[in-house]
Amino acid sequence: MATMTDNAIIKRKHRTLSIAEKVKLCDLKKAGRSNKNLAIQFNIGLQTTRDIIKKDAELRKFVSDSQTERGLFIKKNISKGRYPQLDECLFQWFLQRRAENVPMSGSMLMCKAKWYCEKLGITDLNCSLGFLHRWKTRHGVSDKSVTGEKA
């Protein structure tokens with residue numbers, strides 16, 4: 001989308017859309033908007049628009065699995081992590097505990113991650129605060145407390 005003015009080419013500034021913006025782009029495409037129109041509206045390249053539309057199902061799965069909407073406006077890509085099986089096991093365990101209104105701490109998550117590492121035979125992963133932070137970012141988990149009736 002470069003333009004010519006006085007024999008000089010002005011290039012469009014690089015722009016990376018958030019997950020929420022990518023989903024909105026896919027919604028507009030389903031509503032009948034053209035790829036070129038979407039590229040202009042979101043100030044991205046035409047091929048980038050096509051690539052985002054191809055990943056529509058993957059984006060929607062990520063959004064449905066995400067715990068917070070705030071993360072969708074911050075995150076720009078869907079990263080899988082080095083050990084997707086560990087990520088998935090830990091996330092499913094987290095969802096089960098959250099459904100039971102069990103308060104979760106970072107140390108509980110790291111302890112469970114270490115337990116899953118042993119079960120899955122992962123020996124080269126250090127379940128540190130850095131791991132916990134990246135895992136929470138990947139899955140849109142925030143440090144909010146769980147409220148509700150006591151059992």
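**Exercise 1. Classify Cys127 as buried or exposed, then find out whether its sulfur is bonded.**

Step 1. Cys127 has 6% relative accessibility and counts as buried. Buried means under 20% relative accessible area, exposed over 50%, partly exposed in between (1.4 Å probe, protein chains only).

Step 2. This is a predicted model: local features need pLDDT of at least 70, side-chain atom pairs count only at pLDDT 80 or more, and totals for chains, interfaces and linings use all residues. Residues are numbered from 1 along each chain as its sequence is written, and side-chain values use heavy atoms, with hydrogens and water left out.

Step 3. Look for the closest cysteine sulfur to that of Cys127: it belongs to Cys117, at 4.0 Å, too far for a bond. A disulfide needs a pair of cysteine sulfur atoms within 2.5 Å.

Step 4. Search the whole structure: 0 disulfides turn up.

**Exercise 2. Trace the salt bridges of Arg60 with Asp27 and with Asp56.**

Step 1. Apply the rule: a side-chain nitrogen of Lys or Arg within 4 Å of a carboxyl oxygen of Asp or Glu. The count comes to 6 salt bridges.

Step 2. Take Asp27. Its closest N and O atoms with Arg60 are 2.4 Å apart. Arg60 lies in helix α4 (residues 56–65) and Asp27 in helix α1 (residues 19–30), so the pair ties together parts 33 residues apart in sequence. Helices are DSSP runs (H or I, at least four residues), numbered from the N terminus.

Step 3. Take Asp56. The closest N and O atoms of Arg60 and Asp56 are 2.7 Å apart. Both residues lie in helix α4, 4 residues apart, about one turn of the helix.

Step 4. Join the partners. Shared salt bridges link Asp27, Lys30, Asp56 and Arg60 into one network.

Methods. Helix = DSSP H or I, 4+ residues; strand = E, 2+ residues; numbered from the N terminus.
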